[in-house]
Amino acid sequence: FNIAYGSGKVSGVLAKDNIHVAGMDLEYQFGLATNTSDQFVQFAFDGILGLAMNKGANENFLSTLEASGNIDKNIFCIALNRASDGTNEGEISFGSPNPDKYSGKITYTSLPDGKDNDWAIKMDDMGYNGKNANIGGIRTFIDTGTSFMFGSSENVKKLHALIPGAESSDDTTYKVPCDSKGNLTVTFSGADYVISPKDWVSPPNKDGECTSNIYGYEVVQGAWLLGDTFIKNVYAIFDADERRIGKLEHVSLTRSAH
């Protein structure tokens with residue numbers, strides 16, 4: 001198999017083994033990487049668990065898990081928290097949401113009809129401190145495998161125009177005041193989700209400068225890509241049965257939401 005990611009690529013052979021985790025037992029085919037590009041030397045992880053609905057070089061994990069009878073519904077749910085908040089209580093849950101990790105009402109947004117099986121939904125808009133940037137209405141990927149947030153240079157420029165002190169020399173990376181206190185908002189299906197400055201403002205670099213974690217670069221042409229900067233602020237539910245993504249406004253973790 002050969003896979004090229006947004007950063008880096010791997011190749012190797014396919015293998016099968018029995019997976020035992022969280023009381024579940026299933027046989028699964030996966031890729032053993034024998035060659036990796038240099039980028040992966042810098043990352044401290046052992047592999048990637050693909051949770052797409054499409055079939056790749058190997059078996060589809062969600063389909064295999066559903067066929068095993070270990071779960072009632074073909075969904076998975078993500079809770080992430082910040083390393084700076086202390087104890088890591090992040091979690092992935094298969095089959096049903098974990099009520100200990102959220103509160104409030106779930107708002108669902110359906111995936112587009114058709115053969116598109118990407119985890120991408122339409123965003124209404126984004127904004128800053130109550131002001132809308134009018135940059136929504138387009139396809140938006142929700143991706144745990146992406147650290148930050150990415151959009152077209154035009155849309156990202158409109159968003160940063162609302163942030164006092166934001167400036168860029170290349171319309172891709174934006175310097176922002178390190179003491180920025182405002183919340184970013186992302187709206188799906190009429191529900192607003194707040195992104196804390198703890199997440200959208202980077203820590204200071206060696207020169208004491210901070211940057212925004214929203215970049216003016218289209219990883220996917222014509223689309224937004226929202227990674228962990230966004231996901232750390234919601235409880236995200238990926239529902240393959242109903243072809244929809246659900247989010248809650250508050251994550252029930254031992255950290256401040258804002």
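**Strand β19 and the disulfide**

Student: How many bridges join strand β4 (residues 75–79) to β19?
Tutor: The model is predicted, so local features need pLDDT (the predictor's confidence in each residue, from 0 to 100) of at least 70 and side-chain atom pairs count only at 80 or more, while totals for chains, interfaces and linings use all residues. Residues are numbered from 1 along each chain as its sequence is written, and side-chain values use heavy atoms, without hydrogens and water. Strands are DSSP runs of E, at least two residues, numbered from the N terminus, and two strands pair if DSSP finds at least two bridges between them. β4 and β19 run antiparallel, and the number of bridges joining them is four.

Student: Which residue of β20 is the bridge partner of Phe238?
Tutor: β19 also pairs with β20 (residues 244–248), antiparallel, over five bridges. Within that pairing, the partner of Phe238 is Ile245.

Student: How many residues of β19 (residues 235–239) are buried?
Tutor: Buried means under 20% relative accessible area, exposed over 50%, partly exposed in between (1.4 Å probe, protein chains only). Tyr235, Ile237 and Asp239 are buried on one side, Ala236 and Phe238 on the other. The strand is largely enclosed by the rest of the structure, because the number of its residues that are buried is five of the five.

Student: Is the disulfide of Cys178 and Cys210 right-handed or left-handed?
Tutor: Their sulfur atoms are 2.0 Å apart, and a disulfide requires them within 2.5 Å. The S-S torsion is about 110°, so the disulfide is right-handed.
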